[in-house]
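Take a walk through this protein with the sequence and the 3D view side by side. Keep both open as you read.

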Amino acid sequence: MGRSLLFALLVILVAAAHADDDPRGSGPHPVKIDQPLVRLLPPGQPNTAAFMVLRNTGGRNLALIAAESAVSRAVELHDHEMVDGMMRMREVGQIALPANSLTVLEPGGLHVMLIDLHEPLRAGQRVPITLVFDDAPRLELHAPVRHPGD
Ligand SMILES: [Cu+2]
């Protein structure tokens with residue numbers, strides 16, 4: 001293979017890698033995450049939840065459509081609803097993040113559910129969570145494990 005062809009291939013690869021980084025061009029991510037935490041539970045609990053404040057600082061409505069984490073078999077987006085006088089969790093397809101607004105994930109409300117933990121979580125451990133949006137790049141965060149009230 002000629003040297004010029006190699007160089008051309010390299011240029012294409014580098015361009016492709018950059019395109020993958022941020023399909024909308026450069027600039028800060030429109031969504032900021034405040035106060036992330038994963039609820040500390042007694043050992044033996046297979047599931048727990050992550051809470052945080054999502055700030056959509058951009059002028060476009062967005063939605064959180066999925067979350068991923070290596071600490072559990074599955075990760076779902078959940079809300080609470082009243083069923084026969086009891087609060088129950090239910091999976092939701094997405095969590096709306098209106099433009100220039102705060103969306104709060106908190107106990108008793110919206111949350112990210114970590115299902116079938118691979119290992120018990122320890123207090124202070126930082127859990128990697130990747131947030132997936134409908135129309136913005138993915139966002140990775142590390143949420144400390146603690147009691148929500150602390
Ligand atoms: Cu849940």
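## From a metal site to the core

Met 89 is partly exposed, because its relative accessible area is 42%, and a residue counts as buried only under 20%. Bear in mind that this is a predicted model. Met 89 is a good place to start, since it leads to a metal.

What coordinates the copper ion? The donors are His 78 (ND1), Met 89 (SD), His 111 (NE2) and Met 113 (SD). They sit at 2.1 to 2.3 Å. Along the chain, these donors follow the spacing H-x10-M-x21-H-x1-M. Two of them, Met 89 and Met 113, link distant parts of the chain. Met 89 belongs to strand S5 (residues 86–91), and Met 113 to strand S8 (residues 111–117). The two are 24 residues apart.

Why is the arrangement called tetrahedral? The 4 donor atoms subtend angles of 94 to 123° around the copper ion, and that makes it tetrahedral. The test asks that all angles lie between 85 and 135 degrees. For four tetrahedral donors, the ideal angle is 109.5 degrees.

Now turn to Met 113. Is it buried or exposed? Met 113 is buried, because its relative accessible area is 7%. Its strand, S8, is mostly covered: 6 of the 7 residues in S8 are buried.

Follow S8 to its partners. S2 pairs with S8 in the antiparallel sense, over 3 bridges. Ala 50 stands opposite Val 112 in S8. S4 also runs antiparallel to S8, and 6 bridges join them. Here Ser 72 stands opposite Leu 117 in S8.

Look at Ser 72 itself. It lies in strand S4. Ser 72 counts as buried because its relative accessibility is 4%. Leaving aside neighbours within four places in sequence, Ser 72 is in contact with Leu 114, Ile 115, Asp 116, Leu 117 and His 118.

Step back a few residues to Ser 69. This residue is found in the loop between strand S3 (62–68) and strand S4 (72–83). Ser 69 counts as buried too, because its relative accessibility is 14%. What does its side chain reach? It reaches the backbone oxygen of Pro 128 at 2.7 Å. A polar atom of the Ser 69 side chain also lies 3.4 Å from the backbone nitrogen of Val 71. Not counting residues up to four places away in sequence, Ser 69 touches Val 75, Leu 114, Val 127, Pro 128 and Ile 129.

Next comes the core. In soluble globular proteins, nonpolar side chains tend to be buried together. The largest nonpolar core here has 29 residues. Those with the most contacts inside it are Val 38, Met 52, Leu 97, Val 112, Ile 129, Leu 131 and Phe 133. Which strands supply at least two residues each? They are strand S1 (31–39), strand S2 (48–56), S3, S4, strand S6 (95–97), S8, strand S9 (126–133) and strand S10 (139–146). Apart from this core lies another, of 6 residues. Among them are Leu 37, Phe 51, Ile 115 and the copper donor Met 113.

Val 38 shows how the larger core draws on many parts of the chain. Among the residues that Val 38 touches are Ala 50, Leu 114, Leu 121, Ile 129 and Val 145.

Thr 130 is found in strand S9. Thr 130 is buried, because its relative accessible area is 15%. Where does it meet the rest of the chain? Leaving aside neighbours within four places in sequence, Thr 130 is in contact with Ala 66, Ala 67, Glu 68, Arg 138, Leu 139 and Glu 140. Thr 130 and Ala 67 are 63 residues apart in sequence. Yet they are 5.5 Å apart in space, C-alpha to C-alpha.

Two residues have backbone angles worth a look. Most residues other than glycine have a negative phi. Gln 35, in strand S1, has a positive phi of about 50°. Asp 84, in the loop between S4 and S5, has a positive phi near 50°. Gln 35 counts as exposed because its relative accessibility is 60%. Asp 84 counts as exposed because its value is 79%.

Finally, zoom out. The chain has 1 helix and 10 strands. From the N terminus on, the elements run α-β-β-β-β-β-β-β-β-β-β. Of its 150 residues, 35% count as buried. Among contacts between residues at least 6 apart in sequence, 67% join residues at least 24 apart.

Definitions and conventions: Residues numbered from 1 in each chain as written. Predicted model: local features only at pLDDT ≥ 70, side-chain atom pairs only at ≥ 80, totals over all residues. Heavy atoms only, no water. Helix = DSSP H or I, 4+ residues; strand = E, 2+ residues; numbered from the N terminus. Buried < 20%, exposed > 50% of the residue type's maximum accessible area, 1.4 Å probe, protein only. Polar contact = N/O pair within 3.5 Å; in protein donor to acceptor, adjacent residues only side chain to side chain. Contact = heavy atoms within 4.5 Å. Donors = N, O, S within 2.8 Å, 3.2 Å for Na, K, Ca; no water. Tetrahedral: all angles 85-135°; square planar, octahedral: opposite > 155°, others 65-115°. Core = buried A, V, L, I, M, F, W, Y, C linked by side-chain atoms within 4.5 Å. Pairing = 2+ DSSP bridges.
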